[in-house]
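Work through the exercises below with the sequence and the model side by side, and try each task before you read its solution.

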Amino acid sequence: VLCLLSILLLVMERRIDKRHSRFFIAYLSILFALILFGMLDQLGQGKPGMGWHLFTCLTLYLSLVFAALQAYLLSMFFLDNVDPEKRLRALRIVFTAVLAFQLVTLTLSLWNGLVFSVDGSNIAHRGPWNQPVTSLSGLLIVLDLGILLFCRNQISRNLFWNFFIYFTIPIAGMVLQVMHPKVYILLGSLVLATVIVFISFVKRETMEYYEQEQEYERTKTALMLSQIQPHFLYNSLGVIQELCHSDPKKAEE
């Protein structure tokens, strides 16, 4: 519900930077799909029949795919903000390679069961590569946090704290998820971090929008005054010139 309401607000709100708006719409949509398929995955498990078997395989596969996309999109958005000059190009290549590896491995797992498998009773099982492949998304976020701390003096204080919250809450969620594997703590932490940072971005960019509007009005007023004042001076001097001939005393006044 939080994801959908936030997406609706972004679609209606025109005062947010288009680049940030596109990112949040894409990220919230992926997060919504991750939560949705994570719930649907539990719906079919243990139910007999080929239809439910295919349903469980597909929903489990899509939930893992969207989890990989979520971490990748967040990392790329982070690099776009802290490294607009693209000096960390090598990291972008590494992030893209990690995503490609995850997607290929997950797709192959539909046949070889390397990351996950679904048995004849329609029960999902982790494959031998499950932990290494799924942990890559968490490692990306940890790496992002390390880059953020390293670059903290090169970015604004507000941007630093936005991304610090964005990374630390999910990392804490990962730790708690390991301790309580049957509770969706990680998904909850991702939504919480996204909503907090989303509100911060909306607030900041709304304030910037009104500041730009006020600056525009001040500039427009200054331009009008600069156009009015010469005419006023010329008209006044013309009147004084006429009075010098007809009424010198009035002209002096």
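**Exercise 1.** Which residues do ring pairs link into a cluster?

*Solution.* Begin with the source: this is a predicted model, in which local features need pLDDT of at least 70 and side-chain atom pairs count only at pLDDT 80 or more, while totals for chains, interfaces and linings use all residues. Residues are numbered from 1 along each chain as its sequence is written, and side-chain values use heavy atoms, with hydrogens and water left out.

Next, apply the rule for a pair: rings of Phe, Tyr and Trp (its six-membered ring) pair if their centres lie within 6.5 Å, and planes under 30 degrees apart count as stacked, over 60 as edge-to-face and the rest as tilted. The cluster that results holds Phe 23, Phe 24, Tyr 27, Phe 77, Phe 78, Phe 163, Tyr 166 and Phe 167.

**Exercise 2.** Classify the pair of Tyr 27 and Tyr 166, and state whether Tyr 27 is buried or exposed.

*Solution.* The search of the whole structure finds 15 aromatic pairs. In the one formed by Tyr 27 and Tyr 166, the distance is 5.9 Å centre to centre with 80° between the planes, and the pair is edge-to-face. Because Tyr 27 lies in helix 2 and Tyr 166 in helix 6, the pair ties together parts that are 139 residues apart in sequence; helices here are DSSP runs (H or I, at least four residues), numbered from the N terminus. Finally, Tyr 27 is buried, with a relative accessible area of 0%, where buried means under 20%, exposed over 50% and partly exposed in between (1.4 Å probe, protein chains only). Tyr 166 is buried with 1%.

Definitions and conventions:
Helix = DSSP H or I, 4+ residues; strand = E, 2+ residues; numbered from the N terminus.
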